[in-house]
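Student: I should like to study this structure step by step. May we begin with one of its helices and then turn to the sheets and single residues?

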Amino acid sequence: MASPPDPADGIVGRGFAPGGLQRVACVLCGGTDLRRTVRLRERWLLTCGECGVRLTDTYAEGAPVADYYSDVQAHHGKLGDSLAQSEGALRAIARDQADEMEGLCGPRRFGRFLEVGCSRGHLLQEMAARGWDVSGIEVSRTSAAAAGSIGGVHCGTPEDAPFTAGSFDRVGMFDVLAHLPDPRRTLEATVRLMAPGASLVLSTVNEDWRLVPLFLRAFKVAPERTAHLRDEMYEGQHYCYFSASNIGRLLESVGLTVHEIRPLEPLSTRFFVHQYSPRRRLMLLGMVQMDRLLRSSRKMLVLAKKPGRAF
Ligand SMILES: [Zn+2]
């Protein structure tokens with residue numbers, strides 16, 4: 001099978017994260033005033049009337065989620081079908097993530113590092129090479145098996161991970177939050193594994209991005225013409241969308257202190273842009289230039305710490 005002609009096709013081609021359960025309350029504030037905002041392909045995007053978090057109207061828990069991610073192969077569907085083809089990009093993404101953590105937390109080269117959602121272990125490998133003792137948690141059986149040879153990898157979730165409480169000095173959670181059926185529960189379990197003073201670095205989409213209102217309007221007015229863009233923006237694997245203005249509330253609710261939230265350029269423009277048509281490429285790069293000027297981005301990088309003294 002040929003690789004997808006456009007990353008957006010890859011996103012549709014890999015299918016959508018399972019549904020089945022109906023969202024009745026907000027994952028952040030518990031509010032039940034969930035308003036229909038945009039019709040997606042198989043579900044609705046809702047907005048919490050109380051705190052502004054965006055959610056899909058259906059989601060799944062447990063086995064269906066593990067089965068789905070065990071079957072989905074390429075990274076976000078954007079790297080084509082061949083794993084070998086994507087290897088270089090995945091290594092570059094991992095180096096970038098390790099650098100971002102050093103930029104936020106300092107260049108420490110020892111201690112215990114945990115990655116929640118470690119996929120096939122590229123970041124674990126990078127952190128191990130930088131001197132860290134590494135462990136990972138990964139819900140996909142295929143990815144966890146591939147990562148298995150690097151450090152201790154638990155196939156499952158932080159909720160059922162067998163690691164010792166309070167044992168990790170640094171935790172990375174890149175592009176995981178939006179995929180979680182219950183972000184607060186998973187974060188609580190993650191915080192239990194962190195040592196006092198330990199850092200959590202996470203990346204996720206930022207629903208406060210300056211173009212979100214404009215795009216939402218376009219998706220409503222011209223749903224057919226904007227379908228591709230909508231698929232990419234509210235791609236079918238996400239269950240929830242936080243923003244720079246409400247992620248602090250989530251992290252503080254699990255006992256963390258937020259130290260920094262900064263804009264992060266999306267992976268698409270840094271690693272996948274060559275796969276888009278020339279017109280889309282130009283549009284994406286133009287958008288990124290504007291974001292740089294305005295210090296705004298569709299994604300954000302967050303540093304939060306567990307109270308206490310690091311050793
Ligand atoms: Zn809410």
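**A predicted model in questions and answers**

Tutor: Helix 6 (residues 183-193) lies across strand 6, strand 9 (168-174) and strand 10 (194-205). The model is a predicted one.

Student: At about what angle does helix 6 run to strand 10?

Tutor: Angles here are taken between N-to-C directions and run from 0 to 180 degrees. Helix 6 runs to strand 10 at about 145°.

Student: In what order do the strands of the sheet of 7 strands stand?

Tutor: The sheet is open, and its pairing is mixed. The twist from one strand to the next averages 15°. The order of the strands is 8-7-6-9-10-13-12.

Student: Which strands stand at the edges of that sheet?

Tutor: A strand at the edge has a single partner strand, so one side of it is left without a neighbour in the sheet. The two strands in this position are strand 8 (152-155) and strand 12 (257-264).

Student: Which residue of strand 7 is the bridge partner of Glu115?

Tutor: Strand 6 (residues 112-116) and strand 7 run parallel and are joined by 5 bridges. In strand 7, the partner of Glu115 is Gly136.

Student: Is Ser135 buried or exposed?

Tutor: Ser135 belongs to strand 7 (residues 133-138). A residue needs 20 or more other C-beta atoms within 10 Å of its own to be called buried. Ser135 has 23 C-beta neighbours inside 10 Å, and therefore it counts as buried.

Student: Which residues are in contact with Ser135, leaving aside its neighbours within four places in sequence?

Tutor: Two residues are in contact if their C-beta atoms lie within 7 Å. With the neighbours within four places set aside, the contacts of Ser135 are Leu114, Gly151, Gly152 and Phe163.

Student: What distance separates the C-alpha atoms of Ser135 and Ser167?

Tutor: Along the chain, Ser135 and Ser167 are 32 residues apart. In space, their C-alpha atoms are separated by 11 Å.

Student: Which residue of strand 4 stands opposite Leu45?

Tutor: An open sheet of 4 strands has the order 2-3-4-11, with antiparallel pairing. Within it, strand 3 (residues 44-48) and strand 4 (residues 54-56) pair over 3 bridges. Opposite Leu45, in strand 4, stands Thr56.

Student: What is the phi of Asp175, and why does it deserve notice?

Tutor: Most residues other than glycine have a negative phi. Asp175, in the loop between strand 9 and helix 6, is not a glycine, yet its phi is positive. The value is about 55°.

Student: Arg295 also has a positive phi, near 55°; is Arg295 buried or exposed?

Tutor: Arg295 is placed in the loop between helix 11 (278-294) and strand 13 (299-305). The cut-off for an exposed residue is 12 or fewer C-beta neighbours within 10 Å. Arg295 has 8 such neighbours, so it counts as exposed.

Student: How many helices and strands does the protein have, and what is its radius of gyration?

Tutor: The secondary structure comes to 11 helices and 13 strands. For 311 residues the globule rule gives 19 Å, and the protein comes close to that, so it is as compact as a globular protein of that length. Its radius of gyration is 19 Å.

Student: What percentage of the 311 residues is buried?

Tutor: The C-alpha trace spans about 55 × 45 × 40 Å along its principal axes. Of the 311 residues in the protein, the buried ones make up 43%.

Technical notes: Residues are numbered from 1 along each chain as its sequence is written. This is a predicted model: local features need pLDDT of at least 70, side-chain atom pairs count only at pLDDT 80 or more; totals for chains, interfaces and linings use all residues. The radius of gyration is taken over C-alpha atoms; the globule rule is 2.2 Å times the number of residues to the power 0.38. Two strands pair if DSSP finds at least two bridges between them.
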